[in-house]
Amino acid sequence: MDFNLTEEQLLIQKTAREFANDQLRPGVIERDEKAEFPAEQVKMMGELGFMGMMIPEAYSGAGLDTISYCLAMEEIAKVDASAAVIMSVNNSLVCQLLYQFGSENQKQKYLTKLASGQLLGAFSLSEPQSGSDASNMRTFAKQDGDHYVINGTKNWVTNGISSDVVLLMCLTEKGIGHKGISIFIVEKGFEEFSTGKKENKLGIRGSDTCELYFEDCKVPVENRLGDEGGGFKIALGTLDGGRIGVATQALGIAAESLARSVEYANERKQFGTAIGNFGSIQTKLAQMAIHVDAARLLIYRAARLKDEDKPFAKEAAMAKNFASKVAMDASTQCVQIFGGYGYIRETGVERLMRDAKITQIYEGTSEIQELVIARALLAGK
Ligand code: CAA
C-alpha cells in the first residue's frame with residue numbers, strides 16, 4: 001500500500017497542526033480542570049471544514065477522504081483529545097450515518113448544517129443495561145399516526161449536552177432482538193426530551209457526556225432514518241468507521257506522549273547528563289516510536305480500505321484495539337519519564353494518560369474489538 005501523502009493531504013495536516021497549537025493548546029489544561037466544553041474552538045473547526053470532512057461539498061462537507069480526516073484528527077488529538085472526540089463523533093458517526101442512510105430531505109435539513117459545523121450532532125446507542133450488548137436496549141418508539149412517541153433512557157452520550165441533533169437508536173418492536181431497532185433524528189427542541197447532568201469523567205473532560213431522557217417525546221415519522229428494524233445494522237456499520245476515528249484519537253495521544261518524552265529526555269539532567277543518555281529511557285522511547293508508527297499504519301490501512309469501498313470492519317477493530325493500547329502504554333511511560341513532574345497537572349502529561357483510557361472503552365471496548373476480529377477470522381475473512 002502506498003501511503004505517500006498528497007499535497008492536499010499535507011496541507012490539511014499543516015492546517016490542523018497550526019489550528020491545534022494556536023487555538024487549542026492555550027487553555028487546554030484549564031478546560032480539562034474545569035471540564036469546560038471548547039465551544040469557540042469547535043465553531044472554528046466547523047469554519048475550517050473539520051466537522052464534516054468526508055461529506056461531499058454538495059452537502060456542505062469538505063469532500064475529503066478518510067486519510068485526510070485521520071491526518072486532521074491526529075493533529076487535534078495530540079493537543080486536545082476532548083476536541084478530537086467532539087470532532088470524531090460529528091464526522092464519523094453522525095454525518096457519515098446521515099450521508100449513507102438518510103433520505104434526501106433529511107440530508108438537506110440536517111446533514112448540510114451538521115457537516116458545515118452550524119449544528120453539532122450526537123450518536124446515542126448505549127443504555128444503562130446495554131453497553132457492549134448493544135442490541136439489548138429498552139427505549140421504545142411507538143408509532144401514533146404521523147409521529148412516534150418515545151420513552152426511555154440512554155447513557156454515555158458524547159456531545160449529549162452541547163449537541164443540537166441526536167441520532168437515536170431505539171426499539172420499534174419488542175421481542176425480536178436487533179431486528180426491532182430503528183433510528184430517529186431527534187432535535188434538542190423536541191418536547192419531553194431532556195438531558196442529564198454532565199458526567200464527571202477521568203479524562204476527555206472538555207467533551208460532555210450525559211444521559212438522555214425521553215418521556216412521551218413526539219418525533220415526526222419523517223425523522224425515522226432508514227427502515228423500521230434496520231437500525232442496528234446501520235449503527236454497527238457506522239461504528240466501524242467511528243472506530244477509525246477513535247483509533248486516530250488514540251494515535252494522537254500516543255504521538256504527543258512520545259514527542260513530550262523525547263523533548264524532556266533531552267532537557268532533563270540527572271547524574272550530570274541528559275536522561276536520554278540512559279539505556280532505560282532510550283528503550284522506552286524506542287518502543288514508543290515503534291508502536292506509534294505501527295498504530296498509524298494499521299489506521300491508514302483501515303482508512304484506505306474504507307475509501308476503496310472494501311470491507312474494513314476487522315481492520316478498523318484491529319486499529320482501534322492496538323492504537324488504544326499504544327496510547328495507554330505511551331502516555332504511562334511519558335508520565336514515568338517525567339517522574340514527579342509528570343504527576344502534577346501543570347506539566348500536562350498526566351492528562352494524556354487520563355485521556356488515553358477512554359479509547360479502550362468507547363465505540364466498542366478492546367474486548368469487543370477482539371470479538372469482532374476473532375469472528376471475522378473464524379468466518380474466513
Ligand atoms: N456492520 C453491519 N452489520 C453488522 C455488523 C457490522 N459491522 N456487525 C454485525 N452486523 C449484523 C450481523 O450480520 C447481524 O445481522 P443478521 O442477524 O441479519 O445476520 C446483526 O448485525 C447482529 O449481529 P450480531 O449477531 O453479531 O450481534 P451481537 O449482538 O452478537 O453484537 C457486537 C455484535 C459486535 C458485540 C456489537 O453489539 C457491538 O459492536 N457492541 C459494542 C457496541 C459499541 O460499540 N457501543 C459503542 C457505543 S457508541 C459510543 O461509544 C458513542 C460515543 O458517544 C463515543
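The paragraphs below lead through the strands, the unusual backbone angles, the cysteines and the salt bridges of this predicted model.

Because the model is predicted, local features are given for residues with pLDDT of at least 70 and side-chain atom pairs count only at pLDDT 80 or more, whereas totals for chains, interfaces and linings use all residues. Residues are numbered from 1 along each chain as its sequence is written, and side-chain values use heavy atoms, with hydrogens and water left out.

A convenient place to begin is strand 1, where helices (H or I, at least four residues) and strands (E, at least two) are DSSP runs numbered from the N terminus. Strand 1 runs parallel to strand 4, residues 165-171, and 4 bridges join them; two strands are said to pair if DSSP finds at least two bridges between them. Within this pairing, S124 stands opposite L168 of strand 4. In a regular strand the side chains alternate between the two faces of the sheet. In strand 1 both faces are covered, with G121 and F123 buried on one side and A122 and S124 buried on the other; here buried means under 20% relative accessible area, exposed means over 50%, and partly exposed lies in between, as computed with a 1.4 Å probe on protein chains only.

Further along the chain, strand 2 (residues 140-144) and strand 3 (residues 147-158) pair in the antiparallel sense over 5 bridges, and one of the contacts between them sets Q143 against its bridge partner Y148 in strand 3. The hairpin formed by strand 2 and strand 3 has 2 residues between the strands, and G145 takes a positive phi near 70° in this hairpin. Strand 3 also pairs with strand 7, residues 209-220, in the antiparallel sense and over 10 bridges, and G152 stands opposite F214 of strand 7.

Strand 7 leads on to the matter of backbone angles. Most residues other than glycine have a negative phi, and most peptide bonds are trans. D216, which lies in strand 7, has a positive phi of about 55° although it is not a glycine, and at 49% relative accessibility D216 counts as partly exposed. S60 likewise is not a glycine and has a positive phi, of about 70°; S60 is placed in the loop between helix 3 (39-47) and helix 4 (66-79), and with 34% relative accessibility S60 counts as partly exposed.

The cysteines come next. A disulfide is a covalent bond between the sulfur atoms of two cysteines. Taking a disulfide as a pair of cysteine sulfur atoms within 2.5 Å, a search of the whole structure finds 0 disulfides. For C170, the closest cysteine sulfur is that of C217, and because the two sulfurs are 9.5 Å apart they are too far from each other for a bond. C210 is in no disulfide either, the nearest cysteine sulfur, again that of C217, being 14 Å away. C170 counts as buried at 0% relative accessibility, and C210 counts as buried at 0% as well.

Charged side chains remain to be described. Side chains of opposite charge can pair when their charged atoms come close. The structure holds 21 salt bridges, a salt bridge being a side-chain nitrogen of Lys or Arg within 4 Å of a carboxyl oxygen of Asp or Glu. In one of them the side chains of E18 and K14 meet at 3.2 Å, N to O; because E18 and K14 are 4 residues apart in helix 1 (residues 7-24), they are separated by about one helical turn. E18 is partly exposed, with a relative accessible area of 39%, and K14 counts as partly exposed at 45%.

Another salt bridge brings together the side chains of D80 and R31 at 2.8 Å, N to O. D80 lies in the loop between helix 4 and helix 5 (81-101) and R31 lies in helix 2 (residues 28-34), so this pair ties together parts that are 49 residues apart in sequence. D80 counts as buried at 3% relative accessibility, and R31 is buried with a relative accessible area of 7%.

The side chains of E127 and K154 also meet in a salt bridge, at 2.9 Å, N to O. This pair links distant parts of the chain, with E127 in the loop between strand 1 (121-124) and strand 2 and K154 in strand 3, 27 residues apart, and both E127 and K154 are buried. Finally, a network of salt bridges links R17, E74, E75, K78, D293 and R296.
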